[in-house]
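Biologist: I am new to this structure and would like a close look at a single part. Please take one helix pair, then walk me through the loops around it.

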Amino acid sequence: DGFYGAQDYFDETIIISNSINNDPTARFLKKAFTVIDYYQDGVITDLIAKQDAYGDKKDMKLLCLFADDILGTNMKRNNELSFLATRFRHKNIGLMAVFVQNFKSADTILRNNSTDVFVFKQTNNKQLQQVAEEYCSMFGSINKFYDVYKRATKKKYDFLYLKVQEGKALRSFEEVI
């Protein structure tokens, strides 16, 4: 009950995660939400078909979709998840989040349709460089991106939050940088 109020906001929250069964703390997520512990394109096809069966968008369930740790497994260019990123709003998916550990493993279509990006403290400089190259234009230069990133991730557990469409960067959700 009361898992951050998400049960009250969305009609259904769906988590697709290949690794959810490896984390004992995920039992709370599995109890509160619909969990699919594997990914293949058919999962997205089924999800869209269920939404389409309601008819008009106004009659569809309001969904939240989390895809965690699925890139790289059965993933190919132009996969259904990436395609869904271009039209999820039309299927009454109010929130679609894709969590990746390897930035470039996310298809270009997925990256180009991202409205909000969270960058946590990186121990792999190559991964950070890929993110910096993708979003440095928001700041005028790659060095300015790195400065903003360092300010945002100075404290443990803080992260850089990019509101891409607005051109804003925040430290966590708290401070505009």
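Modeller: Start with a convention for angles. Those under 35 degrees count as roughly parallel, over 145 as roughly antiparallel, 65 to 115 as roughly perpendicular, and the rest as oblique. Keep in mind that this is a predicted model.

Two packed helices are described by the angle between their axes and the distance between the axes. Here the pair is helix α6, residues 125–135, and helix α7, residues 142–152. They pack at an angle of about 120°. Their axes are 9 Å apart. α6 and α7 are therefore oblique to each other. Their crossing is right-handed.

Which residues make the contact? From α6 come Leu128, Gln129, Val131, Ala132, Glu133 and Tyr135. From α7 come Ile142, Phe145, Tyr146 and Tyr149. By type, the residues of this contact divide into eight nonpolar, one polar and one charged.

Now step back along the chain to the loop between β5 (116–120) and α6. Glutamine 122 is found there. Its relative accessible area is 26%, so glutamine 122 is partly exposed. Leaving out residues up to four places away in sequence, glutamine 122 touches Gln127, Leu128 and Tyr149. Leu128 and Tyr149 also belong to the contact of α6 with α7. A polar atom of the glutamine 122 side chain lies 3.0 Å from the backbone oxygen of phenylalanine 120. For a longer view, take serine 19, 103 residues from glutamine 122 along the chain. The C-alpha atoms of glutamine 122 and serine 19 are separated by 21 Å.

Next comes phenylalanine 103. It is found in the loop between β4 (93–99) and α5 (108–112). Phenylalanine 103 is buried, with a relative accessible area of 10%. What does it touch, not counting residues up to four places away in sequence? Phenylalanine 103 touches Arg111, Gln127, Gln130, Val131, Glu134 and Tyr135. Val131 and Tyr135 appear again in the contact of α6 with α7. Gln127 is also touched by glutamine 122. Aspartate 116 sits 13 residues from phenylalanine 103 in sequence. In space the two are 14 Å apart, C-alpha to C-alpha.

Now for a point of backbone geometry. Most residues other than glycine have a negative phi. Asparagine 92 is not a glycine, yet has a positive phi of about 60°. Its place is in the loop between α4 (80–84) and β4. Asparagine 92 is buried, at a relative accessible area of 15%. Tyrosine 157 also has a positive phi, near 75°, and is a residue other than glycine. Tyrosine 157 lies in the loop between α7 and β6 (159–163). Is tyrosine 157 buried or exposed? Tyrosine 157 is exposed, with a relative accessible area of 68%.

One more loop remains. Serine 172 lies between β7 (168–171) and β8 (175–176). At 6% relative accessibility, serine 172 counts as buried. Its side chain is joined to the side chain of aspartate 158 by a polar contact of 3.1 Å. Setting aside neighbours within four places in sequence, serine 172 is in contact with Asp158, Phe159 and Tyr161.

To return to the helix pair: α6 and α7 pack at about 120°, with a right-handed crossing. Glutamine 122 touches Leu128 and Tyr149, among others. Phenylalanine 103 touches residues including Val131 and Tyr135.

Definitions and conventions: Residues are numbered from 1 along each chain as its sequence is written. This is a predicted model: local features need pLDDT of at least 70, side-chain atom pairs count only at pLDDT 80 or more; totals for chains, interfaces and linings use all residues. Side-chain values use heavy atoms; hydrogens and water are left out. Axes are lines fitted to C-alpha atoms, for helices over the stretch in contact, and angles run from 0 to 180 degrees between N-to-C directions. Helices (H or I, at least four residues) and strands (E, at least two) are DSSP runs, numbered from the N terminus. A crossing is left-handed if the near helix is turned anticlockwise from the far one by less than a right angle, and right-handed if clockwise. Contact means heavy atoms within 4.5 Å. Ala, Val, Leu, Ile, Met, Phe, Trp, Tyr, Cys and Pro count as nonpolar, Asp, Glu, Lys and Arg as charged, and the others, Gly among them, as polar. Buried means under 20% relative accessible area, exposed over 50%, partly exposed in between (1.4 Å probe, protein chains only). A polar contact is a pair of N or O atoms within 3.5 Å; within protein, one must be able to donate a hydrogen and the other to accept it, and residues adjacent in sequence count only if both atoms are side-chain atoms.
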